[in-house]
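Hi everyone, thanks for coming. Let me put the sequence and the structure up on the screen, and then we can walk through them together.

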Protein chains: 2
Amino acid sequence: MKDRKHSRKREAILDVLRSTKTHPSAEWVYAQLKPSYPDLSLGTVYRNLSLFREDGQIICVGTVNGQERFDANTKPHAHFICDRCGEVIDMEGRLCFDPGDAASGFFAGSIDYCEVTFHGKCLKCME
Amino acid sequence: MKDRKHSRKREAILDVLRSTKTHPSAEWVYAQLKPSYPDLSLGTVYRNLSLFREDGQIICVGTVNGQERFDANTKPHAHFICDRCGEVIDMEGRLCFDPGDAASGFFAGSIDYCEVTFHGKCLKCME
DNA sequence: ATAAAAACAGTAATAATTCTTATTATTGTT
DNA sequence: AACAATAATAAGAATTATTACTGTTTTTAT
């Protein structure tokens, strides 16, 4: 990881991500922090999320309704996205295979990681 | 599938999608057709891609560099995305498991489908 | 042929994200 | 503690993919 100057806001952004399981968007992180950091700027959230991703401290889960969603849990794990309400749910531990292993050896490029995303309706949205 | 009036342009858009393995963006489809249909509008491409998706004739592969990518091959199959050049490559037939099966029974919501996407560098980008 | 409905082009609007610039915070050095 | 050097920031402008609107054209059923 490149070494960076310390920044209270960057730290706070990462803390928010680490203290939730909701796989938030940039906007949501911003809304969470704005009360405690009234001079926080949305651009700062976006910029730091990019840095975290570069440094491998967070991963992108995918875009839901046009917004990228982030996850501070960098261990490989699958996600479920509810196509009705947009909620993103961890499926950690529910898969008994490593899709990366399953494909390497068959593919000529180099595989860095693999995303497994289930789509459907969450329990709440099934009524 | 809802019944729709016939449209020469809609037909052409689907033909383009069906005759390529490149998993194109809306913009790319538009660029392909513009020479033969000089009065084609980008909005028409977007609108019809949405209709195709509603009708289950195409699927969304995910966003690459901010642009959604589409695929007329609706059979479940995995993809590889090169994070350097953005190329999307089919991994059809290379997975020996059905991730949907692997997860149902463990999850309380209803699973419609499952996306498996590998990330890395394609052969060309590895030099 | 004609009338109703759907599809269209062209353009304006929207919305997520990135970029720019002037200011402020951090860090190492006296 | 004062100091530069430089990274980080706020605010807002700019960019860009996508969607919505409006008046016109195409399709299709009568």
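Chain A has four helices and five strands, where helices (H or I, at least four residues) and strands (E, at least two) are DSSP runs numbered from the N terminus. Starting at the N terminus, the order in chain A is α-α-α-β-β-β-β-α-β.

A quick word on what you are seeing: this is a predicted model, where local features need pLDDT of at least 70 and side-chain atom pairs count only at pLDDT 80 or more, while totals for chains, interfaces and linings use all residues. Residues are numbered from 1 along each chain as its sequence is written, chains are lettered from A and ligands numbered from 1 in the order in which they are written, and side-chain values use heavy atoms, with hydrogens and water left out.

Of the 127 residues in chain A, 43% are buried; buried means under 20% relative accessible area, exposed over 50%, and partly exposed in between, with a 1.4 Å probe and protein chains only.

Now look at helix α2 of chain A, residues 26-33, where A:Ala26, A:Val29, A:Tyr30 and A:Leu33 are buried. Why do they line one face of the helix? Seen down the axis of α2(A), the buried residues fall within an arc of 100°, so they share one face; the arc is that of the directions from the helix axis to the C-beta atoms. They pack against α1 (8-18), α3 (42-54) and β2 of chain A, with contact meaning heavy atoms within 4.5 Å.

On to the largest nonpolar core, a set of buried Ala, Val, Leu, Ile, Met, Phe, Trp, Tyr and Cys residues joined through side-chain atoms within 4.5 Å. Among its 18 residues, A:Phe80, A:Met91, A:Phe118, B:Phe80, B:Met91 and B:Phe118 touch the most other members. The elements giving two or more residues to this core are β3 (79-82) and β5 (110-121) of chain A, along with β3 (79-82) and β5 (110-121) of chain B.

Finally, the DNA. Which residues are closest to DNA strand C? They are A:Tyr46, B:Lys5, B:Ser7, B:Thr44 and B:Arg47, out of 17 that surround the strand, near here meaning a heavy atom within 4 Å. Sugar and phosphate make up 78% of the atoms of DNA strand C that come within 4 Å of the protein.

For phosphate oxygens of DNA strand C, a polar side-chain atom of B:Arg10 lies 2.8 Å from one, and a backbone N or O atom of A:Glu68 lies 3.0 Å from one. The largest share of the surface near the strand, three residues, comes from α3(B).

Key
A polar contact is a pair of N or O atoms within 3.5 Å; within protein, one must be able to donate a hydrogen and the other to accept it, and residues adjacent in sequence count only if both atoms are side-chain atoms.
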